[in-house]
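User: Please take a close look at the part of this model where charged side chains come together, and describe it in a form suited to a first-year student. Which pairs form there, and what surrounds them?

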Amino acid sequence: MEQPHALTTAAHGRAVGPGAAALAVDVGGTALKIGLVDPRGVITDGLTVATPAAGPGVEDRIVGLVAAAVEGCRQRHGHDAVAAVSAVVPGIVDEVRGLAVHSANLGWRDVPFEQKLRDRTGLPATMSHDVRAAGLAEFADAGAAHNAVMITIGTGIAAAPVSYTHLTLPTTP
């Protein structure tokens, strides 16, 4: 298994809001960005690792890297440093069912990613669409206008439109 390497980021030390200590995970097409957020909402530790190559079992390799990050944070900061895991993933996401429906970049379909995180880490876990989550954070932090759209271009491309301060969510069939 790949071993995570520590990385200092611009977000290190930035308060993101109060809540339970959690590991925040951004599953990208080329890299996993992982941050430990303490109960005050301050990012206290972080690392980046290469996203495993797409193909069969990629979700299990990603979950294994997250579990290794949980363990590493607990070793460095104490067992209670991580009380939950929250991940954002690319592609088509069914947040209600915790399902990664499809990601061309990762080569997965109908992956119960949220449950896999819970099973492997033994912690409460949530998941969301990466750009939807980023849009919510950016619009809340910036006090966005009533109508706005955030477009990200990375390994893939996606948008998060806001209409009258409500994120416009796609419907799931």
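Analyst: A residue is called buried under 20% relative accessible area, exposed over 50%, and partly exposed in between (1.4 Å probe, protein chains only). The model is predicted: local features need pLDDT of at least 70 and side-chain atom pairs pLDDT 80 or more, while totals for chains, interfaces and linings use all residues. Residues are numbered from 1 along each chain as its sequence is written, and side-chain values use heavy atoms, leaving out hydrogens and water.

The protein as a whole provides the setting. Three helices and 12 strands make up its secondary structure; helices (H or I, at least four residues) and strands (E, at least two) are DSSP runs, numbered from the N terminus. Of the 173 residues in the protein, 41% are buried. Contacts (heavy atoms within 4.5 Å) often span long stretches of sequence: among those between residues at least 6 apart, 53% join residues at least 24 apart.

Side chains of opposite charge can pair when their charged atoms come close. Six salt bridges are counted in this model, each being a side-chain nitrogen of Lys or Arg within 4 Å of a carboxyl oxygen of Asp or Glu. Three of these pairs are followed below.

The first example joins Asp-45 to Arg-76, whose side chains meet in a salt bridge with an N to O distance of 2.9 Å. This pair connects distant parts of the chain, since Asp-45 belongs to strand 4 (residues 43-50) and Arg-76 to helix 1, 31 residues apart. Asp-45 is classed as buried because its relative accessibility is 12%. Its side chain has a further partner, for a polar contact of 2.9 Å joins Asp-45 and His-77. A polar contact is a pair of N or O atoms within 3.5 Å; within protein, one must be able to donate a hydrogen and the other to accept it, and residues adjacent in sequence count only if both atoms are side-chain atoms. In the other direction along the chain, Ile-34 is 11 residues from Asp-45, and the C-alpha atoms of the two residues are separated by 8.4 Å.

The next example involves helix 1 as well. Lys-116 and Asp-60 form a salt bridge through their side chains, again described by an N to O distance of 2.9 Å. Lys-116 is part of helix 2 (residues 113-121) and Asp-60 is part of helix 1, so this salt bridge ties together parts that are 56 residues apart in sequence. Why is Lys-116 classed as partly exposed? Lys-116 falls into this class because its relative accessible area is 23%. Asp-60 is also classed as partly exposed, because its value is 39%.

Beside Asp-60 in the sequence stands Glu-59, which is likewise found in helix 1. Glu-59 counts as buried because its relative accessibility is 14%. Leaving aside neighbours within four places in sequence, Glu-59 is in contact with Trp-108, Val-111, Phe-113 and Lys-116. Lys-116, the partner of Asp-60 in the salt bridge, therefore also touches Glu-59. Trp-108 lies 49 residues from Glu-59 in sequence, yet the C-alpha atoms of the two are 7.5 Å apart in space.

A third salt bridge stays within helix 2. Arg-118 pairs with Glu-114, and the closest N and O atoms are 3.0 Å apart. Both residues lie in helix 2, four residues apart, which is about one turn of the helix. Arg-118 is partly exposed because its relative accessibility is 28%, whereas Glu-114 is buried because its relative accessible area is 13%.

One further charged residue deserves attention. Which side chain of opposite charge is nearest to Arg-74? Arg-74 lies in helix 1 (residues 58-77), and Glu-71 is that nearest side chain, 5.0 Å away. Arg-74 is buried yet has no salt bridge. In this account Lys and Arg count as positive and Asp and Glu as negative, while His and the chain ends are not counted. A polar atom of the Arg-74 side chain lies 3.1 Å from the backbone oxygen of His-79. Not counting residues up to four places away in sequence, Arg-74 touches His-79, Val-82 and Leu-123.
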